[in-house]
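Colleague: I should be grateful for a close look at a single part of this model. Please describe its surroundings and then place it in the wider context of the chain.

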Amino acid sequence: MKRIALTFAAVLAAAPVVAEEGEVGIRPDILSVTVQTESGPIEIERIQDTENRIQGDWAKTSRNCPNFCVQPMSPAPGVTTIGELELLDLLQDEDAVVVDSRVARWFEDGAIPGAVHIPYTEAADRLDELGCEIDFEGFDCANAKPVALYCNGNWCGQSPTAIRRMIEAGYPAEKIYYYRGGMQAWRMLGLTVTQ
């Protein structure tokens, strides 16, 4: 019995830190993440109100197709699709860039803290902001940074379009991450949004 009690105590000591009663964490061991932005550090956390609901456009479940068709899990071969935890890791990685590829009006309505705004219509022309060098034939992307793109959600084609255009312009697909859930999933989880 004593051996079982010691084993149980060892398991409890190795367990991750659990959010306290009433706290809404990102994971049991992570209550918030701080990311660097152009305006200084911003803490990303979940809304603590357990009665919070998504409002307005973000609560919509159906949109006309086209243009708002459900997007494939992977927008192009070689691209890695990620979720919120992986996106948070990339936001904290000094070598990575998180790109909000939506048009300006959507970006101005609220974005993921730490993301840079490169509209999908400009992505293939702004690869120099992502570690590529301009050369005579377009871009040399030998030193491309890891980059994650997102738009409005599973039904939004802006980031998949940007990704395909970036690859056509020479950006290596294996350096691209696609946050498919986008702003709708981010808001659904009550995560911090810029205003």
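**The loop after strand 8**

Modeller: Asparagine 152 is found in the loop that runs between strand 8 (147–150) and helix 4 (158–168). The model is a predicted one. With a relative accessibility of 1%, asparagine 152 counts as buried, because the cut-off for that class is under 20%. Its side chain makes a polar contact, at 2.9 Å, with the side chain of arginine 102. Leaving aside residues up to four places away in sequence, asparagine 152 touches Trp58, Arg102, Trp106 and Gln158, together with Gly181, Gly182, Met183 and Gln184.

Tyrosine 150 belongs to the same description, since strand 8 covers 147–150. With the same exclusion of residues up to four places away, the contacts of tyrosine 150 include Arg102, Gly182 and Met183, and among the others are Val98, Ile112 and Tyr179.

Tyr150 also leads to the nonpolar interior. The largest nonpolar core has 24 residues, and those touching the most other members are Leu87, Leu91, Val98, Ile112, Tyr150, Tyr179 and Trp186. Two or more residues come from each of strand 1, helix 2 (84–92), strand 8 and helix 5 (182–188). Helix 2 gives the most to this core, with four residues. A second, separate core consists of 21 residues, including Ala123, Cys132, Ile163 and Ile176. In soluble globular proteins, nonpolar side chains tend to be buried together.

Methods: Residues are numbered from 1 along each chain as its sequence is written. This is a predicted model: local features need pLDDT of at least 70, side-chain atom pairs count only at pLDDT 80 or more; totals for chains, interfaces and linings use all residues. Side-chain values use heavy atoms; hydrogens and water are left out. Buried means under 20% relative accessible area, exposed over 50%, partly exposed in between (1.4 Å probe, protein chains only). A polar contact is a pair of N or O atoms within 3.5 Å; within protein, one must be able to donate a hydrogen and the other to accept it, and residues adjacent in sequence count only if both atoms are side-chain atoms. Contact means heavy atoms within 4.5 Å. A nonpolar core is a set of buried Ala, Val, Leu, Ile, Met, Phe, Trp, Tyr and Cys residues joined through side-chain atoms within 4.5 Å.
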